[in-house]
Amino acid sequence: MVSLTFYGGANEIGGNKIVVESGKSRIFLDFGQSFSLLDDYFVDWLKPRERFGLRDYFALGLVPRLRGLYCRSCLATTDLEFCEPEYDAVFISHAHYDHAAHLQYLHEEIPIYMGETAKTILKATQETSKTFFFAEEDVYDKKGNLVAPKNDVRTFRTGKKISVGELEITPIHVDHSVPGAYGFLVEGKDARLVYTGDIRAHGNRADLTDDFVSKAASFEPDALVIEGTRVAGSEARKNHTERFVKEESGRIAKKAKGAVLAMRYPKDLDRFRTFYEVAKESGRKLVVSAKTAYLLRALRGDEGLPLPDPFSDGNIAVYSREMLRYESWEEEMRSRCIGVEWVAENQGEVIWELDFAQLTELIDAKPERGGVCIHSMSEPFEEDPLSQLQDDVLRNWLGRFGMEHCQLHASGHASRQDIEGMIKTIKPKRLIPIHTQKAEEFGKMHPRAIMPEKGKKIELR
Ligand SMILES: [Zn+2]
Ligand SMILES: [Zn+2]
């Protein structure tokens, strides 16, 4: 008997956390953070008390109270006892927080599987920010006490079958807004299931998604667990492709009289490439942050991702902010970076990748009127007051410096039409929508659509 239990991702966008069981074998597909749940209780400076590990998370129902799943240190100040692992593995589909953030709480003896690229991205992220996903070495505090034993991280390649007890898991590459994304084909004792992870069919690597969909179809699954981020009753948002974003950005960059700012999601390296090519073709230099440079360098050896070296490619300049002190990873690269004076002097000849959180850099760069900001991220949602507020703040900054605002984005998630096409091709016996707020819409797409409920087991046989 194969069963599925959804501890996250059911009727919400993100936070995927799915237990697949076959006999005594139990694995998790993804181990993410549910943002919508967290936002119910926390805002601004009101945050969970991380010093108490999972205490606040358990009390508020933000993570499931499951035995044999969490690490010793994060249970130490809770009422759940630490014990031997009761799960055999965790498989991570890709390196986004809503799929991988809770790895930091995982029992150190439970193996973690992910793609090589996802591992490099998570590692670079934890080296350049205050996040933690996994330890590659035992971590000690200043007194020499072991605070985090090293995790057992194993990497996979597309098509490589992995056996975990009664379960056989085959990762297959898909296209998404972060490189190194996978879906999984999972075979248990008497049932097969397909999990898409996050997926799209309109990016630069639609061929990966096509490959996944055709392999998923030949697998003849009993259930398809499919994401539905963009499935809505009526589609109000635009359905742009990466190619369109490139053409439009090219037009904007050629026309702009001053600086071009570009805002994108930090791990979206397809969008990085888009801006890199636009910069090259419009005779501008792409200015990237030190964090982006660090990530690009970490991914240099990745064969599937021919990315430029930020320090030797003449079309790129690496920007280091003026700080009172620098972290060692940034200090080490500073002699090869440019500062704000350079950007100020060359502002008509740059595409400057600037994060929302670093808009204050504009104060020193003093952009002249006539510049443009390409906001290459999701549009603000009406239902999300915080995104509306950020949009207002961004527009105030741009207004202050006489810069135009352009919304231009291609989503990391498939359109409803593409989702319907995948379901038609894969022909699963059952359909389980996840990573969506409109699960009920899937009832119109398949006669046996099952709406997952948090913590409730779904049996496939
Ligand atoms: Zn996601
Ligand atoms: Zn994602």
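# Briefing: sheets, helices and domains

Helix 6 (residues 206-218) lies across strand 10 (167-174), strand 11 and strand 12, and runs at about 150° to strand 10. The model is predicted. Its protein chain is divided into domain 1 (2-233 + 413-459) and domain 2 (242-407). The points below take the sheets, the helices, the domains and two single residues in turn.

**The sheet of 6 strands**

- Strands 9-10-11-12-13-20, in that order, form an open sheet of 6 strands.
- Pairing in this sheet is mixed.
- Strand 9 (162-164) and strand 20 (430-434) are the edge strands, and each pairs on one side only.
- From one strand to the next, the twist averages 20°.
- Strand 11 (residues 181-187) and strand 12 (residues 192-195) run antiparallel and are joined by 4 bridges.
- Within this pair, V186 stands opposite L193 of strand 12.

**Helices on that sheet**

- Helix 6 crosses strand 10, strand 11 and strand 12.
- Helix 14 (residues 416-426) lies across strand 12, strand 13 (223-227) and strand 20.
- The angle of helix 14 to strand 13 is about 165°.
- Strand 12 thus appears under helix 6 and under helix 14.
- The axes of helix 6 and helix 14 come within 8 Å.
- These two axes cross at roughly 35°.
- Helix 6 brings V213, A216 and A217 to the contact, where they meet M422, T425 and I426 of helix 14.
- By class, this contact has 5 nonpolar residues, 1 polar residue and no charged residues.

**The sheet of 7 strands**

- A further open sheet has 7 strands in the order 8-5-4-3-2-1-21, with mixed pairing.
- Its edge strands are strand 8 (153-156) and strand 21 (457-459), each pairing on one side only.
- The twist here averages 25° from one strand to the next.
- Strand 5 (residues 112-115) pairs with strand 8 in the parallel sense, over 4 bridges.
- G115 has F156 in strand 8 as its bridge partner.
- Helix 5 (residues 116-128) lies across strand 5 and strand 8.
- Helix 5 runs at about 100° to strand 5.

**Strand 18 and its partners**

- Strand 18 (residues 372-375) is covered on both faces.
- V372 and I374 are buried on one side of strand 18, and C373 and H375 are buried on the other.
- Strand 14 (residues 260-263) runs parallel to strand 18 and is joined to it by 4 bridges.
- In that pair, L261 stands opposite C373.
- Strand 19 (residues 404-407) also pairs with strand 18 in the parallel sense, over 4 bridges.
- Q407 in strand 19 is the bridge partner of H375.
- From strand 18 the chain crosses through helix 13 (residues 385-400) to strand 19.
- This β-α-β crossover is right-handed.

**Domains**

- The centres of domain 1 and domain 2, taken over C-alpha atoms, are separated by 30 Å.
- Domain 1 gives 13 residues to the contact and domain 2 gives 15 residues.
- On the side of domain 1 that touches domain 2, the residues divide into 5 nonpolar, 6 polar and 2 charged.

**G9, in a loop**

- G9 sits in the loop between strand 1 (2-8) and strand 2 (17-22).
- G9 counts as buried because 26 other C-beta atoms lie within 10 Å, and the cut-off for burial is 20 or more.
- Beyond its neighbours within four places in sequence, G9 is in contact with G14, G15, N16, K17, I18, I434 and H435.
- G9 and H99 are 90 residues apart in sequence.
- In space, G9 and H99 are 9.3 Å apart, C-alpha to C-alpha.

**V153, in an edge strand**

- V153 is found in strand 8, an edge strand of the sheet of 7 strands.
- V153 counts as partly exposed because it has 19 C-beta neighbours inside 10 Å, whereas a buried residue has 20 or more.
- Leaving aside neighbours within four places in sequence, V153 is in contact with I112, K119, F134 and E136.
- V153 and I27 are 126 residues apart along the chain, and their C-alpha atoms are separated by 15 Å.

Terms used. Residues numbered from 1 in each chain as written. Chains lettered and ligands numbered in written order. Predicted model: local features only at pLDDT ≥ 70, side-chain atom pairs only at ≥ 80, totals over all residues. Pairing = 2+ DSSP bridges. Axes fitted to C-alpha atoms, helices over the stretch in contact; angles between N-to-C directions. Contact = placed C-beta atoms within 7 Å. Buried ≥ 20, exposed ≤ 12 C-beta atoms within 10 Å, placed from the backbone. Right-handed = clockwise from strand over helix to strand, strands pointing away. Nonpolar A, V, L, I, M, F, W, Y, C, P; charged D, E, K, R; others polar. Domains from an automatic or database assignment.
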